[in-house]
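Please work through the following exercises with the sequence and coordinates at hand. Each task is followed by a solution in steps.

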Amino acid sequence: MEIEGKRIKLRRLKISDADFIYQNAKDKEITKYSFVFPPPFSPEQAEKFIRKTFRQFRQKTGYEFGIELKSAHELI
């Protein structure tokens with residue numbers, strides 16, 4: 001499932017997004033508004049979080065999306 005605009009798209013997370021999530025979870029300005037990434041947050045927790053989103057999607061109990069900048073093909 002994807003939703004596209006001119007510059008961005010909302011897409012399901014991928015295991016390859018784990019490092020991006022981990023790196024951003026270390027930023028206190030980002031995590032102070034998040035309940036998902038309590039410090040300290042490890043790379044393993046990032047992957048576990050993504051796998052959890054897979055289960056929730058299959059079970060139709062939750063939907064987490066990444067925002068991808070289309071020109072760079074990376075999450076923002």
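The exercises below treat salt bridges, buried side chains, a cavity and backbone angles.

The model is predicted, so local features need pLDDT of at least 70 and side-chain atom pairs count only at pLDDT 80 or more, whereas totals for chains, interfaces and linings use all residues. Residues are numbered from 1 along each chain as its sequence is written, and side-chain values use heavy atoms, with hydrogens and water left out.

**Exercise 1. The salt-bridge network**

Task: Determine how many salt bridges the structure holds, and state which residues are linked in a network.

Solution.

Step 1. Apply the criterion: a salt bridge is a side-chain nitrogen of Lys or Arg within 4 Å of a carboxyl oxygen of Asp or Glu. The structure holds six such pairs.

Step 2. Take the pair Glu-2 and Lys-9, whose closest N and O atoms are 3.6 Å apart. Burial is judged by relative accessible area: under 20% is buried, over 50% exposed, and in between partly exposed (1.4 Å probe, protein chains only). Glu-2 counts as partly exposed because its relative accessibility is 46%, whereas Lys-9, at 16%, counts as buried.

Step 3. Proceed to Glu-68 and Lys-9, which form a salt bridge with an N to O distance of 3.8 Å. This pair links distant parts of the chain, since Glu-68 lies in strand E3 (residues 65–69) and Lys-9 in strand E2 (residues 8–12), 59 residues apart. Helices (H or I, at least four residues) and strands (E, at least two) are DSSP runs, numbered from the N terminus.

Step 4. Consider Arg-11 and Glu-68, which meet in a salt bridge at 2.5 Å, N to O. Arg-11 is in strand E2 and Glu-68 in strand E3, so the pair ties together parts 57 residues apart in sequence.

Step 5. Assemble the result: Glu-2, Lys-9, Arg-11, Asp-17 and Glu-68 are linked in a network of salt bridges.

**Exercise 2. Surroundings of Arg-11 and Asp-17**

Task: Establish whether Arg-11 is buried or exposed, and which residues Asp-17 touches.

Solution.

Step 1. Arg-11 has a relative accessibility of 4% and therefore counts as buried. Glu-68 is likewise buried, with a relative accessible area of 4%.

Step 2. List contacts, that is, heavy atoms within 4.5 Å. Leaving aside neighbours within four places in sequence, the residues in contact with Arg-11 include Met-1, Glu-2, Asp-17, Glu-68 and Leu-75.

Step 3. Asp-17 is found in the loop between E2 and helix H1 (18–25). Asp-17 counts as buried because its relative accessibility is 6%.

Step 4. The side chain of Asp-17 reaches the backbone nitrogen of Lys-14 at 2.8 Å. Not counting residues up to four places away in sequence, Asp-17 touches Arg-11, Arg-12, Ile-50 and Leu-75.

**Exercise 3. The cavity**

Task: Identify which residues line the largest cavity, and classify them.

Solution.

Step 1. On a 1 Å grid over the protein atoms alone, a cavity is a set of points where a 1.4 Å probe fits but cannot get out, and lining residues have an atom within 4 Å of a point. Grid points are joined across faces, edges and corners, and a volume is the space filled by probe spheres set on the points.

Step 2. The count comes to one cavity of 30 Å³ or more, and about 40 Å³ of space lies in the largest cavity.

Step 3. The lining consists of Arg-12, Leu-13, Thr-53, Phe-54, Phe-57, Tyr-63, Glu-64 and Phe-65. Helix H3 (residues 43–59) supplies the largest share, three residues.

Step 4. Ala, Val, Leu, Ile, Met, Phe, Trp, Tyr, Cys and Pro count as nonpolar, Asp, Glu, Lys and Arg as charged, and the others, Gly among them, as polar. The lining then has five nonpolar, one polar and two charged residues.

Step 5. Gln-56 also belongs to helix H3. Gln-56 counts as buried because its relative accessibility is 18%. Beyond neighbours within four places in sequence, Gln-56 is in contact with Thr-61, Gly-62 and Glu-64.

**Exercise 4. Positive phi angles**

Task: Find where Lys-60 and His-73 lie, and describe the phi of each.

Solution.

Step 1. Recall that most residues other than glycine have a negative phi.

Step 2. Lys-60 has a positive phi near 60 degrees and is placed in the loop between H3 and E3. Lys-60 counts as exposed because its relative accessibility is 64%.

Step 3. His-73 has a positive phi of about 55 degrees although it is not a glycine. The loop between E3 and strand E4 (74–75) holds His-73, which is exposed, with a relative accessible area of 64%.

Technical notes. 1 Å grid on protein atoms, 1.4 Å probe; cavity = no way out; pocket = protein on both sides within 12 Å on 5 of 7 lines; lining within 4 Å. Polar contact = N/O pair within 3.5 Å; in protein donor to acceptor, adjacent residues only side chain to side chain.
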